[in-house]
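Biologist: I would like to go through this protein with you step by step, from single residues up to the whole chain. Could you show me the model before we begin?

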Amino acid sequence: MDGIDLALLKTNGEQIIERGPSGFFPYSPQTQEMLREALVAASEITERTQRPGNLVLVEEKVTSLHVHAVEAFLHENKLSKADIDLIGFHGQTVLHRPDKGLTVQLGDASLLTKETGIPTVYDLRANDMEHGGQGAPLVPVYHQALASNIKQAYANQKPVVFVNIGGISNVTYVGEALMAFDCGPGNALIDQWVQKTVGIPFDQSGMIAAEGRVDEAFVNAYLADSFFSKPAPKSLDRNDFKLPEATTLSVETVARSFARLTAESIFKSAEHFPAQPLLWVICGGGRQNPHIMEDLLALAHDTGGEVVSAEKAGFNGDAMEAEAWAYLAVRSLAGLPLTFPQTTGCSKAVSGGKLWEVKTI
């Protein structure tokens, strides 16, 4: 909920032909607060078309911000609208309840298409859920394509796991099989904790956690949750794990312990893989938290694996999900599968998404 990621990708929906520039357009503090309020309003949704409370206005605002982001991105990269064939539009998730077959992303594809003049593929999760899937994660098929583009130095280190640490962490195992699932809290608990206790959006460079220590009992209490032993595929909403209602631990120690929880839950995911990974490629904002990375390196050392950042493997860890949505949009247009039984639990490999075309008079 920090802003909008954009990335340019040239692809046929199978091979990655060329990875282009990327950009990030942050939400203002006012927009972030509006989105936090939208999460509360969205908790009342029982049908995905419902927009209770302020959600109609929030959806218009989110779409407008995406329009401006696209225009700014094109301007910054000296591109015209005619250079772009397709937009893959994710929107802003405000509710994800796979147990109820319910996922809600705010964003008006018709308005985005009208304002940008570029055809838009959207609503990429719904068809998976209609076929019994969790609706997440959707990035694995892109991770599989990236695995063949990995830097030569790591090309023989397989199985490889791509780890995306956003609000929630998810993993993609690429070996003889493709497997993926949400594996636990990412940055969400850390962010929520410092917002509540210190009044800042997130722990910049882990500075607050640096003054604390890991409390193993605190971490283990979270790891005892039944989610971790639940078989894959599985997915999470960012609010599935809660902050402690009361604790005698310091603000700093809780922040540091949450960083360890993120790392431990990532490595706990290996219990569900067919074989022990040799390489872990870390993507998403969480790779910028030095404590999460420090813990991941230590845990990997114990299992004989290696942990590298997306950049070290030859990728852009900030752009990967935006690139994935471009890739998925092209796959959708071609009718290629986006999700598989072993990635989301859908009954069969399915495509998805809807196309909104530019209307001409």
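Modeller: Before we begin, a residue is called buried when its relative accessible area is under 20%, and exposed when that area is over 50%. Please also keep in mind that this is a predicted model.

Biologist: With that cut-off in hand, is Asp215 buried or exposed?

Modeller: Asp215 sits in the loop between helix H6 (188–197) and helix H7 (216–223). Leaving aside residues up to four places away in sequence, Asp215 touches Leu249, Thr253 and Ser257. Its relative accessibility is 14%, and because the cut-off for the term is under 20%, Asp215 counts as buried.

Biologist: Which residue in E9 is the bridge partner of Val171?

Modeller: Strand E8 (residues 168–174) and E9 run antiparallel and are joined by 7 bridges, while a hairpin of 3 residues leads from E8 to E9. Strand E9 itself covers residues 178–185, and 8 of its 8 residues are buried. Within this pairing, the partner of Val171 in E9 is Phe181.

Biologist: Turning to the second largest pocket, which element gives the most residues to its lining?

Modeller: The second largest pocket holds about 420 Å³ of space. The elements that each give two or more residues to its lining are strand E5 (102–106), helix H3 (109–116) and strand E12 (354–356). The one that gives the most, with 4 residues, is E5.

Biologist: How many of the residues lining that second largest pocket are nonpolar?

Modeller: The lining of the second largest pocket is made by 22 residues, and those nearest its centre are Arg51, Gln105, Gly107, Tyr122 and Asp123. When the residues of the lining are divided by type, 7 are polar, 7 are charged, and the nonpolar ones number 8.

Biologist: Looking at the whole protein, what is its radius of gyration?

Modeller: The protein has 11 helices and 12 strands. For 361 residues the globule rule gives 21 Å, and the value for this protein is close to that, so the protein is as compact as a globular protein of that length. The radius of gyration is 20 Å.

Biologist: What percentage of the residues in the protein is buried?

Modeller: The C-alpha atoms fill a box of roughly 65 × 50 × 40 Å along the principal axes. Among the contacts with a separation of 6 or more, 70% are between residues 24 or more positions apart. Of the 361 residues in the protein, the buried share is 53%.

Notes:
Residues are numbered from 1 along each chain as its sequence is written. This is a predicted model: local features need pLDDT of at least 70, side-chain atom pairs count only at pLDDT 80 or more; totals for chains, interfaces and linings use all residues. Side-chain values use heavy atoms; hydrogens and water are left out. Buried means under 20% relative accessible area, exposed over 50%, partly exposed in between (1.4 Å probe, protein chains only). Two strands pair if DSSP finds at least two bridges between them. Contact means heavy atoms within 4.5 Å. On a 1 Å grid over the protein atoms alone, a cavity is a set of points where a 1.4 Å probe fits but cannot get out, and a pocket is an open set with protein on both sides within 12 Å along at least five of seven lines; lining residues have an atom within 4 Å of a point. Grid points are joined across faces, edges and corners, and a volume is the space filled by probe spheres set on the points. Ala, Val, Leu, Ile, Met, Phe, Trp, Tyr, Cys and Pro count as nonpolar, Asp, Glu, Lys and Arg as charged, and the others, Gly among them, as polar. The radius of gyration is taken over C-alpha atoms; the globule rule is 2.2 Å times the number of residues to the power 0.38.
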